[in-house]
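Please open the model in a viewer and keep the sequence beside it. The tour below proceeds by selection, one region at a time.

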Amino acid sequence: MAFASTKSASFLLLLFLLVALPSLSHQQHIRLIDRDSPESPLFESSAATLADKWRRIHRRSVAYRDHFQAVMEGRRKLLSTPLAAQNLQEAGFDQVGGEYLMEFTIGTPPVKVTGMLDVAGDFIWTQCEPCPNCSPHLGPLYDPSKSSTSTTFSCSSSECLTVPHHVCGGNETCRYVRENESGVETNGLLISDVLAIDGVTYFGKVPFGCGNDNSFSTRLAPARVGLTGNEYFSLAFRSNNSTPFTFSHCFRKDFDNPSAGNTSSELHLGKEARLNGRSSPLAMCPTGRNRFFSPTLLGMGVGTRALNLTKELVGGNCSILFTSSTPLTFLKKPFFDLVASTVTEQAHLPELPRRANDPWDLCFNGTFQDLVGYLPKILVSFDGEVALPLWKEQIYAEVDHGRTCLLMAPTDGVNMIGTYFQMNRNIGYDLRNKSDYLLYLDPDHCG
């Protein structure tokens, strides 16, 4: 009898832990790996030239810009430039614009997965077995048939009905369909299973995509992790689908400089989120069944000149997006033209003529070290008296030997604040109060 009581007590303790474990997901630090870091599986040590490296960065940025705009419009959109089309062919759908990798495990026994982080993303998906058309990847793929904790969803389940594009498979199981702006598609089962990140385990019937029909190249990162785009499917809402909470991230710039000390980028979820500095109100902006969070841009200073930012120039409500998926910053074409002309005016430097088939919009002749004293700083301000002062290393780069360019480009869609503008700063989101979403910009370096 004592043995039975002990066994019952142990079972109750285990049950309590299983119930309590999701709350631990509110206290989590996740290490992020820059895709161009030597630690990254996507690192290309054989990069031919400095110009090749920066050209790839530009391609990825443009491709994600077009992809996000297509998602917003809810339709396929023709790629606006040959560079974007070339990037899709080279990198594959899951690689479009992905800049930071995170590692996690799925299933029982656990299978290690490396995925791209997408702060504005609305879905978590990974390649799964069987996957006859998958290209080389790191380690074995997750196989739901070999996991003792995996379950599928019926076509009538609320989870399935929430997927923007779903179809019914055999036995009335739910299948998702995802495609990019050029029609390249991935589809597979909607699955629920144990997911663990840095030792913190997520239990419960939380859906993710299990792709096994992927008509694209995936290279070495076979997963994508959306953070905020949908309350059913995004990482920030996995432990409690009804209540948004908090997170922050720090994208470090010195990953290739070991002498700089801690070079890992970080994502902090829940109670570990670093909500420092002033806050700016965020609007929740719907994009079909998904959404993104947008601050209000109030001003921009270029050197000694304050720009006159009208609603027509910037785009009004829901016109600004902080993204983890493009290094470059994109501004609406008239807005970009004003910034670029002001940079040239303030620098007192002759603009280099644009080269044929060259992606860069504004360049000057000279190394970054030679020109840094001439190039103007930029200050961006948001509603709530929140300012984002930028270092020159965040605004310009030597993209080829002896040629320094502005790390910005035009768009006909939403303005995107890229990762270079966010480098070495804690960027925090407080999404707990649906009537008062907040963005925090920490003026200090990542702590």
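How many bridges join strand 17 to strand 22? Select residues 297-302 for strand 17 and residues 378-382 for strand 22: five bridges join these strands, which run antiparallel. Helices (H or I, at least four residues) and strands (E, at least two) are DSSP runs numbered from the N terminus, and two strands pair if DSSP finds at least two bridges between them. Within this pairing, Leu 297 stands opposite Phe 382 of strand 22.

Before going on, please note that this is a predicted model, in which local features need pLDDT of at least 70 and side-chain atom pairs count only at pLDDT 80 or more, while totals for chains, interfaces and linings use all residues. Residues are numbered from 1 along each chain as its sequence is written, and side-chain values use heavy atoms, with hydrogens and water left out.

**The sheet and the helix across it**

Extend the selection to the open sheet of four strands, whose order is 18-17-22-23 with antiparallel pairing. Strand 18 (305-306) and strand 23 (386-390) stand at the edges with a single partner strand each, so one side of each has no neighbour in the sheet. Next, select residues 333-347, which form helix 6. This helix lies across strand 17, strand 18 and strand 22, and runs at about 25° to strand 17; axes are lines fitted to C-alpha atoms, for helices over the stretch in contact (heavy atoms within 4.5 Å), and angles run from 0 to 180 degrees between N-to-C directions.

**The nonpolar cores**

Helix 6 also leads to the largest nonpolar core, to which it gives the most, with seven residues. A nonpolar core is a set of buried Ala, Val, Leu, Ile, Met, Phe, Trp, Tyr and Cys residues joined through side-chain atoms within 4.5 Å; buried means under 20% relative accessible area, exposed over 50%, and partly exposed in between (1.4 Å probe, protein chains only). This core has 97 residues, and Leu 235 and Val 339 have the most contacts inside it. Apart from it lies another core of nine residues, including Trp 125 and Cys 160. Select Leu 235: leaving aside neighbours within four places in sequence, its contacts include Ile 30, Met 102 and Leu 269.

**An enclosed strand**

Select residues 437-441, strand 29. Five of its five residues are buried, so the strand is largely enclosed by the rest of the structure. Tyr 437, Leu 439 and Leu 441 lie on one side, and Leu 438 and Tyr 440 on the other. Add strand 15 (residues 278-287), which is antiparallel to strand 29 and joined to it by five bridges; Leu 282 has Tyr 437 as its bridge partner. Strand 28 (residues 426-430) also runs antiparallel to strand 29, through four bridges, and a hairpin of six residues joins the two.

**Aromatic pairs**

Finally, select Phe 68 and Phe 292, an edge-to-face aromatic pair with 5.7 Å centre to centre and 80° between the planes. Rings of Phe, Tyr and Trp (its six-membered ring) pair if their centres lie within 6.5 Å; planes under 30 degrees apart count as stacked, over 60 as edge-to-face and the rest as tilted. Phe 68 lies in helix 2 (residues 50-73) and Phe 292 in strand 16 (residues 290-294), so the pair ties together parts 224 residues apart in sequence. Phe 68 and Phe 292 are both buried. Elsewhere, ring pairs link Trp 54, Trp 360 and Tyr 420 into a cluster.
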